[in-house]
Amino acid sequence: MQELHDYHYLIPSTQNNPNTPQLVMNLNNISTATELDDFNSFSNGFYQLQELNMQSIYSTSDEADEQQLSLINERKRRRMISNRESARRSRMRKQKHLDELWSMVFWLRNENQQLMNRLNNFSETHDQAVRENAKLKEEVSGLRKMVTATYPTEKHPNRS
C-alpha cells in the first residue's frame, strides 16, 4: 500500500474570533490510501477538503478582505441584475395587463353602443306601436259612436 504524507486540507477554526469563520492548515500524516478514503467519506458532510498552494497560506488579511469584498460585490452585482430582470418582467406584465384592460374598454364601449342602438330601435318600435294602438282605439271609439248613432234604440245583436 502506498503511504501519503503531508496531505494538506482545510478545517474550520473559531480560535481567533467565534463570529468570523477562518480556515487553518492541518498537516497530519495519513498512513494509507484506505485511511484517506475513510477520512474523506467521514469528512464530506463536515469539512471540504482542498489542496492549498503555499501563496494562500501566507496571504494577508487585506487580501482576504479584498477577496471577501470582491465576493460581496459580485453577489450584489448578480442580485442587481436579477432585480433589474425581475423589474423588467414586472413592467412587461403590467403593460400586458394594461393593454388587456384597454382592449376590454374598447370591446365594452362597442358592445354598449350596439345595445344602445338596439334599445333605441325597440323604443321607436314601441312608440310606433303605442301611437298605432291609440289610433286604432280612436277608430274603434268612432265606429261605436257611428253604430250607436245609427241604431240608437235597438240593441246590438252581438251584445246581450
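## Arg77 and its salt bridge

Arg77 is partly exposed, its relative accessible area being 40%. In this predicted model, the side chain of Arg77 meets that of Glu74 in a salt bridge, with 2.7 Å from N to O. Glu74 is partly exposed as well, with a relative accessible area of 28%.

Both residues belong to helix α3, which covers residues 61–150. Glu74 and Arg77 are three residues apart in that helix, so about one helical turn separates them. The pair is also part of a wider arrangement: a network of salt bridges links Glu74, Arg77 and Arg78.

## Salt bridges of Glu85

Further along helix α3, Glu85 takes part in a salt bridge with Arg88, where the closest N and O atoms are 2.3 Å apart. Arg88 and Glu85 are three residues apart in helix α3, about one turn of the helix. Arg88 has 35% relative accessibility and counts as partly exposed. Glu85 falls into the partly exposed class too, at a relative accessible area of 32%.

Glu85 also meets the side chain of Arg89 in a salt bridge, here with 3.9 Å from N to O. The cut-off for a salt bridge is a nitrogen-to-oxygen distance within 4 Å, so the contact of Arg89 and Glu85 at 3.9 Å is counted. These two residues lie four residues apart in helix α3, again about one turn of the helix. Arg89 is partly exposed, with a relative accessible area of 40%. In total, the model has four salt bridges.

## Surface patches

Leu98, Leu101, Trp102 and Val105 make a nonpolar patch on the surface, with an area of about 370 Å². One of these residues, Val105, is placed in helix α3. The relative accessibility of Val105 is 31%, and the residue counts as partly exposed. Patch residues need over 30% relative accessible area, so Val105 passes that cut-off with its 31%.

A patch of negative charge is also found on the surface, where Asp62, Glu63, Asp65 and Glu66 gather. Asp62 is located in helix α3. Because exposed means over 50% relative accessible area, Asp62 counts as exposed at 53%.

## The annotated coiled-coil region

An unreviewed UniProt entry places the feature "coiled-coil region" at residues 112–146. In the model, this span is 100% helix and 0% strand. The C-alpha atoms at the two ends of residues 112–146 lie 50 Å apart. Helix α3, with residues 61–150, is the helix that also holds Glu74 and Arg77.

## Overall fold and burial

The protein contains three helices and two strands. Along the sequence, these elements follow the pattern β-β-α-α-α. The protein has 160 residues, and buried residues make up 5% of them. Buried means under 20% relative accessible area, so Glu74 at 28% is not in that class but is partly exposed.

Notes
Residues are numbered from 1 along each chain as its sequence is written. This is a predicted model: local features need pLDDT of at least 70, side-chain atom pairs count only at pLDDT 80 or more; totals for chains, interfaces and linings use all residues. Side-chain values use heavy atoms; hydrogens and water are left out. Buried means under 20% relative accessible area, exposed over 50%, partly exposed in between (1.4 Å probe, protein chains only). Patches are made of residues with over 30% relative accessible area and no salt bridge: like charges are joined within 9 Å, nonpolar side chains (Val, Leu, Ile, Met, Phe, Trp, Tyr) within 5 Å. Accessible areas come from the Shrake-Rupley method with a 1.4 Å probe; for residues, only the protein chains shown count as cover. UniProt positions are given in the numbering used here, feature names are shortened, and annotations may be inferred rather than shown by experiment. Lys and Arg count as positive and Asp and Glu as negative; His and the chain ends are not counted. The place of a charge is taken as NZ of Lys, CZ of Arg, CG of Asp or CD of Glu.
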